[in-house]
Amino acid sequence: MLKIVISGPSGCGKGTVVKELLKYSNYKLSISVTTRQKRSTEEEGVHYFFKTQEEFDSMIAGDELLEYANFCGNFYGTPKDYVDKTIKDGFDIILEIEVEGALKIKDKFPEAILIFLIPPTFTELHSRLVGRQTESEDVINYRLSRAREELALYKKYDYIVINDDISEAVRQINAIVESEKLRSHNRKDIIDFMLNN
Ligand code: ADP
Ligand code: 5GP
């Protein structure tokens, strides 16, 4: 079972693409904890587990997070237990996280697949962030400047997928996951089965 990290500049469409991927039965999404304020469109336990700074700090102290990072002034982290359980249960787990966290995951789990989702143009990224109507102009500008820094790290990722047409982006991610599963180092079980039957 694979750990699939999907990163990309804020507003590029990660949430939108992940929602489509979750229609396939092999995927589960890791729900992160965050100290960010809940948006009116979000639900506790669906989009995030919303935490105070004290609660977040105590999760770090208790070694409950696989990784965490500060993004534009708020903390975000991946709870360890759910990821472990989901992999054990036989699902591919999607971690929709920013670049710093993605690199920490690759350090800990070199077999994790890092996918960088990008918008077709910077202008389109700007209009998607504005069009979503969830952030103030200041926050949008902060996120856009962060996007330029994140994009500079594209070579750290295994794959780059352009989110122009949503269904095409989903098709490409499914194709990546399928070919990763066919790699020889993931095929020991099938060879053992073949030899014993
Ligand atoms: P992220 O999770 O990366 O911050 P979202 O999934 O919230 O981004 O998408 C940001 C905005 O862009 C949303 O309003 C969404 O409907 C829109 N969007 C996402 N993907 C596309 C696409 N391929 N084409 C046009 N608009 C898109
Ligand atoms: P947003 O505030 O738009 O929901 O998320 C901001 C950024 O934080 C996005 O790039 C998102 O992928 C990232 N993020 C969400 N959860 C996590 C997490 O658990 N860890 C890390 N490192 N980043 C996360």
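**Packing, ligand surroundings and loop residues in a predicted model**

The buried residues of α1 pack against β1, β2 (27-29), β7 (92-96), β8 and α7. In this predicted model, the buried positions of α1 are K14, V17, V18 and L21. Viewed down the axis of α1, these buried residues fall within an arc of 100°, so they line one face of the helix.

The largest nonpolar core comprises 23 residues. Within this core, I6, L21 and I173 have the most contacts. At least two core residues are supplied by each of β1 (3-7), α1 (14-21), β8 (113-118), α5 (122-132), α6 (137-151) and α7 (166-181). The greatest contribution is that of α7, which gives five residues to the core. When neighbours within four places in sequence are set aside, I6 is in contact with K14, V18 and L21, as well as with I94, L95, E96, I97, I115, L117 and I173. A second core, separate from the one just described, has 15 residues and includes I93, L95, L114 and I118.

Two ligands were examined in turn. Around ligand 1 there are 14 residues, of which G11, K14, T16, R132 and D164 come nearest. Polar backbone atoms of two residues approach oxygen atoms of ligand 1: the distance is 2.8 Å for K14 and 2.8 Å for G15. A nitrogen atom of ligand 1 is 3.2 Å from an N or O atom in the side chain of R128. Taken alone, ligand 1 exposes 570 Å², and 73% of that area is buried by the protein. K14 thus appears in several settings: K14 is among the buried residues of α1, is in contact with I6, and is one of the residues that come nearest to ligand 1.

Ligand 2 has 16 residues around it, and those that come nearest are S32, R36, Y48, Y76 and E98. A polar backbone atom of G77 lies 3.0 Å from an oxygen atom of this ligand. Side chains also take part in such pairs. An N or O atom in the side chain of T78 is 3.3 Å from an oxygen atom of ligand 2, and for the side chain of E96 the corresponding distance is 2.8 Å. Ligand 2 on its own exposes 510 Å², of which the protein buries 96%. E96 is also listed among the residues in contact with I6.

Several loop residues were considered individually. R39 is located in the loop between β3 (32-34) and β4 (48-50). R39 is buried, because its relative accessible area of 16% is under the 20% limit. Apart from residues up to four places away in sequence, R39 touches R132, T134, E135 and R143. One of these, R132, is also among the residues that come nearest to ligand 1.

Q133 is situated in the loop between α5 and α6. Its phi is positive, at about 55°, although Q133 is not a glycine. Q133 is exposed, since its relative accessible area of 72% is over the 50% limit. A positive phi, near 55°, is also found at D63, a residue other than glycine. D63 is placed in the loop between α2 (53-61) and β5 (65-71).

Terms used: Residues are numbered from 1 along each chain as its sequence is written. Chains are lettered from A and ligands numbered from 1 in the order in which they are written. This is a predicted model: local features need pLDDT of at least 70, side-chain atom pairs count only at pLDDT 80 or more; totals for chains, interfaces and linings use all residues. Side-chain values use heavy atoms; hydrogens and water are left out. A nonpolar core is a set of buried Ala, Val, Leu, Ile, Met, Phe, Trp, Tyr and Cys residues joined through side-chain atoms within 4.5 Å. Buried means under 20% relative accessible area, exposed over 50%, partly exposed in between (1.4 Å probe, protein chains only). Helices (H or I, at least four residues) and strands (E, at least two) are DSSP runs, numbered from the N terminus. Contact means heavy atoms within 4.5 Å. A residue is near a molecule or strand if one of its heavy atoms lies within 4 Å of it. A polar contact is a pair of N or O atoms within 3.5 Å; within protein, one must be able to donate a hydrogen and the other to accept it, and residues adjacent in sequence count only if both atoms are side-chain atoms. Accessible areas come from the Shrake-Rupley method with a 1.4 Å probe; for residues, only the protein chains shown count as cover. The arc is that of the directions from the helix axis to the C-beta atoms.
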